[in-house]
Amino acid sequence: MSILEGKKILLGITGGIAAYKCAELTRLLKKEGAEVRVVMTEAATRFVTPLTFQALSANPVSTSLLDADAEAAMGHIHLARWADLILVAPASADFMAKLRAGMANDLLSTLCLAADAPIALAPAMNQGMWLNQATQENSACLEQRSIKLWGPVSGEQACGETGLGRMMEPQALLEQIEWFFSPELLSGVSVLIDAGPTQEAIDPVRFVSNRSSGKMGYAIASAAKGAGAKVCLVSGPVALPVPAVDEFVAVKSAAEMAEAVISRAPGFDIFIATAAVADYRPTLIEGKKIKKKADTVVIALEKTEDILATVSALKKRPFCVGFAAETDSLESYARGKLRAKNLDMIAANKVAGSRGGFESDENALHLFWDGGEQLLEMAPKSILADQLINIIAEKKHESSI
Ligand code: PMT
């Protein structure tokens, strides 16, 4: 039996060209046995007619907040209570802004405000609109309120531009919905994650660091939480809102991160090291700001402690997953680290190019473990995080049989 059998999905459609793809999504959901009710904004009805969704969902389509018949039968509150999941696809920039502001001036925004059910958004918009600071702030704030963001993905856009802003394909959205309804894979399991960069002080105003934004590690923390795990996130300095985890530890330097992680690690079942920990730090931190005098300055560096290797060598050790960020020879370096640090799994990502790796909203991962490997294609980091957690849960389970 499909996991979606009998699940009640409220599909909210806002005004965007990707609305046409929701016809296929509705068909796929019905095929898996889900009950689907469609709510369209006025703008959405300009792209696809409600009749299309009525035929595919086998249910009347709601479009208006002030529909006397609908209010008498199943008004917005009832609709909000009915759903097991509300998926807004495509979610326009305008709708995301409205949702963040808590506005309720049409049926879809009103029922989202009234809903207890989890809400997921599949954003779709021009890449410039997605990258705009307002949209970025809106999406970060919505995620912090536990609203799920599925996508957007990169590619050619209807407006002729190329970039991040396409709605996820119906099949990929279906898989996300299935994942969402899967039993909690990490229920009763504790997961320790480190994320972001470290900052190694040179003097009171300067430091050595790297480009890690924390996006990959934070997405993994949210995915682990979503899978039912107890999560502790140890984070270097990043500009992201703190996700909903059980414990959050903010650190700056590699030494602080090492102390926070190593002291906690024996109490955890899984350790995922996504942090870009500085390999070297200045041997000496000047007490006063270094003055600009000489033409060249030499700063001596010393090795930092390898946190992952130390955790992996502990007597009572968690299942250890490392990351490898490489510009070249991805596989051989990753396999080398898997062996050298005695890891259970390593996730290798390429850091050359504009897509994937550091700072990007997307990534692709090549996973290696003793006797196996798996490629996770380029996808938003939140999607990749769900896939990775799925695989880690499976491998961890196998290792403890
Ligand atoms: O933060 P984002 O902008 O989203 O970018 C994500 C990422 C590219 C930082 C992430 O996907 C990633 O690859 N993280 C690991 C980066 C890295 O430092 O790789 P490495 O090959 O240098 O280190 C190998 C492993 O050892 C890593 O798991 C690292 O956390 C760990 N390590 C390294 C040095 C050290 N002193 N202690 C460690 O624990």
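A polar contact is a pair of N or O atoms within 3.5 Å. This cut-off applies to the ligand contacts described below for the predicted model.

Three contacts of this kind involve oxygen atoms of the ligand. An oxygen atom of the ligand lies 3.3 Å from a polar backbone atom of lysine 215. Because the limit is 3.5 Å, this pair at 3.3 Å counts as a polar contact. At asparagine 349 the partner belongs to the side chain: an N or O atom there is 2.5 Å from a ligand oxygen. Glutamate 359 contributes a polar backbone atom, 2.7 Å from an oxygen of the ligand. Taken alone, the ligand exposes 770 Å². The protein buries 96% of that area.

The shell around the ligand was examined next. It holds 28 residues. The closest are Ser212, Ser213, Ala275, Lys337 and Asn349. By class, 12 residues of the shell are nonpolar, eight are polar and eight are charged. Helix 11 (215–226), helix 13 (307–312) and strand 16 (319–326) each supply at least two shell residues. Strand 16 gives the largest share, with four residues. The space that the ligand takes is the second largest pocket.

The overall fold frames this site. The chain contains 15 helices and 19 strands. Its radius of gyration is 23 Å, close to the 21 Å that the globule rule gives for 401 residues, so the chain is as compact as a globular protein of that length. The C-alpha trace spans about 75 × 55 × 35 Å along its principal axes.

Conventions:
Residues are numbered from 1 along each chain as its sequence is written. This is a predicted model: local features need pLDDT of at least 70, side-chain atom pairs count only at pLDDT 80 or more; totals for chains, interfaces and linings use all residues. Side-chain values use heavy atoms; hydrogens and water are left out. A residue is near a molecule or strand if one of its heavy atoms lies within 4 Å of it. A polar contact is a pair of N or O atoms within 3.5 Å; within protein, one must be able to donate a hydrogen and the other to accept it, and residues adjacent in sequence count only if both atoms are side-chain atoms. Accessible areas come from the Shrake-Rupley method with a 1.4 Å probe; for residues, only the protein chains shown count as cover. On a 1 Å grid over the protein atoms alone, a cavity is a set of points where a 1.4 Å probe fits but cannot get out, and a pocket is an open set with protein on both sides within 12 Å along at least five of seven lines; lining residues have an atom within 4 Å of a point. A molecule sits in a cavity or pocket if more than half of its atoms lie within 2 Å of its grid points. Ala, Val, Leu, Ile, Met, Phe, Trp, Tyr, Cys and Pro count as nonpolar, Asp, Glu, Lys and Arg as charged, and the others, Gly among them, as polar. The radius of gyration is taken over C-alpha atoms; the globule rule is 2.2 Å times the number of residues to the power 0.38.
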